[in-house]
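User: Please examine the structure shown below and answer a few questions about one of its helices and its ligand site.

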Amino acid sequence: MRDQILELEAISRQLEPQPADRDVIVQHVIDYGHRFVDNLPDMKAHTPIPEASVLREALKIRNDPQPIDAVLDNLSQHVDQGGINTASGRFIGYIPGGGQYYAALGDYISAVINRYAGVYYASPGAVALEESILQWTADVLDYPDTYSGSLVSGGSIANMTAMITARDACDITDDAIKKSVVYVTDHTHHNIEKGLHIIGLSRCILRHVAVDEHYRMSADALEAAIKEDRENGLNPWLIVASSGTTNTGAVDPLEAIADIATQYNLWFHVDGAYGGYFRLCPEGRDLLEHINRADSLVLNPHKTLFLPYGLSTLLIKDSQKHYAAFNASADYLPDFSSDDAMVSPADLSPELTKHFRGMRLWLPLQILGVEPFRAAMSEKIQLTRYFHETMQTKAGWEVGAYPDLSITTYRFIPQRGDVNDFNRRLLQSVLDEGRISTSGTVLDGNFVLRAAILSLRTHLAEIDETMDVLTYHAEQLSQQ
Ligand SMILES: *Cc1c(COP(=O)(O)O)cnc(C)c1O
C-alpha cells in the first residue's frame, strides 16, 4: 500500500512545480501578457466572430499535457480576438473597464497565497485588507460609519445582495409581495428586474417613473406615483435611482429622490455600478454629493476604477440589517466572536468561500496612490465633453443631451433616406473595419450611436481618431 501511495505521490507532485519549471512557465506567461499590452495600439478594437465549432475544437480539454508555447499560441489565436477587444483604448462601446495591469498582479498574489478571505478568524489580514477598500470607498462618498459592505464579483450580484437586504429589512414576504412597489425608470439597468426575479420578487409591482429631457428620473413624477400607490392601498417599498445610467450616463436627482424616500419611508437604493466612483474627481463630486443618502449602493471598480472584470463594491447604511440578511452558522464552522473581531464577509453575502478579490484593487492603490485614478476619471469626463462639443460642430452630426459623466449619444443625419437605417449601417460599417468599437441604443424611438469613454487607455489621440473614423464612414455611406 505504501508503494502504491508513493507512486501516486510521484505523479501528484507535478501539481507543485519546482523552481526551474516555475521560472520557465512564468517567463512565457509574462512575455505573453506584455506582448498583448504592448501590441494594443496596433490591434483592432473589433474583429469578426469566428465559428463556434472552431472555438470548441481549439479550446477543448485534451487531457494530456501540452507545451506552454502551443497553449499560449492557442489563446492568442482563439481567445484574444473575436468580438470586442475590451482592453483597447479605441473601445468606446457598452461600458469599458480596461484592465489595469497591477490589478492582474494583485490577482496573482491572491491566488498564490490563497488566503481564506471569507471568514475573519481564518484570515484576519485578508478581511482587514478588504475592509480597507470598503472604508476607502465610504470615505470617498462621505458615507456614514454605520455602514457595512461587501466586495462581490459584479454589479448584478451587488444590486441583488442590496435588494435581499432591503427585502428582509422591510419584510417583503407572502402577501406583501404583490402589493409592494419598486420605482425605476425606463433607463434603469435590466439587472434590477432580473435580480428581483431571482430573489423571488417578480410579483412586486415595477413602476416605471417618467424621466426628464435628460433621461433623469423625474422627482415630481416619483412623488406623484408614490402618493397614488399609497392611496390605492399598495406598499411603496423601494426606489432604485441610477447614478449614471448605462444608456446615456444620466445621474438621477439624488437629493430630491432621497428627500422623497425619507418623507414616504421607502428604501433608497442607488445603482452606481457605472458612475458611483466619479465622486472621486472634481467633475463628478457635486453631481454625486448626495449619493451618501442611499440606504444601499453599488459601485463597480471593474468599470470606473479601470480594473479587469470581477469586482463590485456594495455598501449598506445599516450594518445590522446587512448582517441580519446574511449571517449564518453551522456546526463545522467554529463559533468565533470577540469585541475586537471584524465581521466575516461570509456573514454579509451569499458567498462562503470566495475569491480574495480585494487584492486586485488594494495593490494598484498602494503602488500608484489615488491621484492617477482621480486624474483618469477627470480625463474621461473631459474627453466626453470634448467629443460631444466637437461632433456637434461637424456637418451632418447631431448630439444628444450634454453628458453628465462619460457617456454621450450622437447620430448622423443623412441628406436623404431613413435616419435610423443610416445609423445602423454606419455602426456596422465602423465595426466591420474594426479600428474603433462603439455601440448603439434606442432613445425616444430613434436609433442613436453611443460613446462610453471609460477605458484607462482612451486618451485624446484615441478620441481624435474615433472622430476621424466616424466622419470617414459617414461620408462613404452618404455617397452610396
Ligand atoms: C454595468 C452595470 C450594471 C451591471 O453590473 P455588472 O458588473 O455587469 O454585473 C448594473 N447597473 C449599471 C448602471 C451598470 O452600468
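**Helix α8 and the ligand shell**

Analyst: In this predicted model, helix α8 spans residues 191-198, and N191, I192, G195 and L196 are buried there. Viewed down the axis of α8, these buried residues fall within an arc of 140°, so they line one face of the helix.

User: Which residues are exposed on the other side of α8?

Analyst: Buried residues of α8 pack against α7 (155-169), β4 (180-184), β5 (205-208), β6 (235-242) and β7 (267-272). Exposure requires over 50% relative accessible area. On the other side of α8, the residues that are exposed are K194, H197 and I198.

User: What percentage of the area that the ligand exposes when taken alone does the protein bury?

Analyst: A backbone N or O atom of G155 lies 2.7 Å from an oxygen atom of the ligand, and a side-chain N or O atom of D271 is 2.6 Å from a ligand nitrogen atom. N300 places a polar side-chain atom 3.0 Å from an oxygen atom of the ligand. Of the 380 Å² that the ligand exposes when taken alone, the protein buries 85%.

User: Which element gives the most residues to the shell around the ligand?

Analyst: The ligand is surrounded by 15 residues, the closest being G155, S156, D271, H302 and K303. By class, the shell has three nonpolar, ten polar and two charged residues. The elements that give two or more residues to the shell are α7 and α12 (301-304). With three residues, the element that gives the most is α7.

Definitions and conventions:
Residues numbered from 1 in each chain as written. Predicted model: local features only at pLDDT ≥ 70, side-chain atom pairs only at ≥ 80, totals over all residues. Heavy atoms only, no water. Buried < 20%, exposed > 50% of the residue type's maximum accessible area, 1.4 Å probe, protein only. Helix = DSSP H or I, 4+ residues; strand = E, 2+ residues; numbered from the N terminus. Arc of directions from axis to C-beta. Contact = heavy atoms within 4.5 Å. Near = heavy atom within 4 Å. Polar contact = N/O pair within 3.5 Å; in protein donor to acceptor, adjacent residues only side chain to side chain. Areas by Shrake-Rupley, 256 points an atom, 1.4 Å probe, with all protein chains shown as cover. Nonpolar A, V, L, I, M, F, W, Y, C, P; charged D, E, K, R; others polar.
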